[in-house]
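Subject: Structure handover

Hello,

Here is the structure I promised to pass on. Please open it alongside this email.

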Amino acid sequence: MSEEVDFWSATIAAYAPLQLPAPEMTPKLLMRPPFRFIHDIVCGIDGRFAAYSHVIPTELQDSANVDSKEKKIQYLTILIEYVSKLMNVQLDVSAKKIVSGHEPEKTNVFLQYLAAAVGFAQQDKAQKEAAKQTALTSASSAQADTAKLAAQSGLQLPSRDSLPRKKSSSADVVARRKSHVSALENAQAFNRKLDGFSLNLNTTESRDIREDGQHIIKMWNELSTPQVETKPTHMPIETLETAIKRQLETIKMIDALLKESDAVTDELEALVS
């Protein structure tokens, strides 16, 4: 008989610097790592370093809740993909085969990368939390700027709680699905209609909220000041009448588009109510 290849000693060595209180890394367990053992390893890492808790769903962090083959595969798949991304490698390991106890040598390679990626996981978690905090700070700053601009212009903005809210629909699933399809079709039709007009409706342009707010205040101040007397136009009467008619037609067209836009918006809002 050929000698058994030792693929577990490298795993034991990989976890030695982490000094996890539990579980104990023994050759017996590593020769065919059971799922509960792997789950305990991750819990031990999180208990000491809080490295992987941000990518594992809360309900799967308790081993008692991972009570089916599907949940075990889901749990392992999340870790395999995350560690592969952190370490910039493609791990040759299957979550299904880990659960079934096959290819233990590949499972040990995965466990070694799991230990090596702890520091990278901590950095990734810190970066995500910092980005989240920055987003919250930016949102608060934007709200403060809006309130400041409103105060400067003498406007009284209604409180958030006083704004009307959509009531949840009690329609059945089939009816809601039909309404969703109808709302999306109406929105697409409205967008196609807008494409036919020479209007600057590019919503992908970057906008400066502060600049828009200052522009609104400027418009408000201009409307609040007395208007300067205008001189009579030198345009012929017929030309002036034609220009006025076209302007009125344009205003009517825009008014109709605004009403249609409101109707489409109401339908889309109902999708998330």
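My notes follow, from the overall fold down to single residues.

Keep in mind that this is a predicted model.

Overall fold

The chain holds 10 helices and zero strands. Along the sequence the pattern reads α-α-α-α-α-α-α-α-α-α. Of its 273 residues, 23% count as buried. Take the contacts between residues at least 6 apart in sequence: 66% of them join residues at least 24 apart.

The core

The largest nonpolar core has 37 residues. Which of them touch the most other members? They are Tyr15, Ile45, Tyr52, Phe110 and Leu114. Helices α3, α4, α5 (95–100), α6 and α7 (118–153) each supply at least two residues of this core. The largest share comes from α4, with eight residues. As a general point, nonpolar side chains in soluble globular proteins tend to be buried together.

Tyr52 deserves a look on screen. Leaving aside residues up to four places away in sequence, Tyr52 touches Val42, Ile45 and Asp46. Its other partners are Leu79, Tyr82, Val83, Leu114, Ala117, Val118 and Ala121.

Helix α4

Helix α4 covers residues 69–87. Does its length come out as expected or not? At 1.5 Å a residue, its 19 residues should span 27 Å. The end C-alpha atoms are 27 Å apart, so the two values agree. The buried residues in α4 are Ile73, Tyr75, Leu76, Leu79, Ile80, Tyr82, Val83, Ser84 and Leu86. Of these, Leu79, Tyr82 and Val83 are also listed among the contacts of Tyr52.

α3 against α6

Helix α3 (residues 35–49) packs on helix α6 (residues 104–116). The angle is about 5°, and the axes are 12 Å apart. An angle under 35 degrees counts as roughly parallel, so α3 and α6 are roughly parallel to each other. On the α3 side, the contact is made by Ile38, Ile41, Val42 and Ile45. On the α6 side, Thr107, Leu111 and Leu114 take part. Six residues of this contact are nonpolar, one is polar and none is charged. Ile45 and Leu114 appear here, and both are on the list of core residues that touch the most other members.

Backbone points to check

Three places in the loops are worth a look.

- Ala22 and Pro23 are joined by a cis peptide bond, with omega about 0°. Pro23 is found in the loop between α1 (9–15) and α2 (27–30).
- Asn88 is not a glycine, yet its phi is positive, about 55°. Asn88 comes just after α4, in the loop between α4 and α5. Its relative accessibility is 70%; over 50% is exposed, so Asn88 counts as exposed.
- Glu103 is not a glycine either, and has a positive phi of about 50°. Glu103 sits in the loop between α5 and α6. Buried or exposed? At 24% relative accessibility, Glu103 counts as partly exposed, because the buried class is under 20%.

One residue in α10

Asp266 lies in helix α10 (residues 237–271). Its relative accessible area is 38%, so Asp266 is partly exposed. Where does Ala183 lie with respect to Asp266? The two are 83 residues apart along the chain, and their C-alpha atoms are separated by 9.0 Å.

Over to you.

Best wishes

Terms used:
Residues numbered from 1 in each chain as written. Predicted model: local features only at pLDDT ≥ 70, side-chain atom pairs only at ≥ 80, totals over all residues. Heavy atoms only, no water. Helix = DSSP H or I, 4+ residues; strand = E, 2+ residues; numbered from the N terminus. Buried < 20%, exposed > 50% of the residue type's maximum accessible area, 1.4 Å probe, protein only. Axes fitted to C-alpha atoms, helices over the stretch in contact; angles between N-to-C directions. Parallel < 35°, antiparallel > 145°, perpendicular 65-115°, else oblique. Contact = heavy atoms within 4.5 Å. Nonpolar A, V, L, I, M, F, W, Y, C, P; charged D, E, K, R; others polar. Expected span 1.5 Å × (residues − 1). Core = buried A, V, L, I, M, F, W, Y, C linked by side-chain atoms within 4.5 Å.
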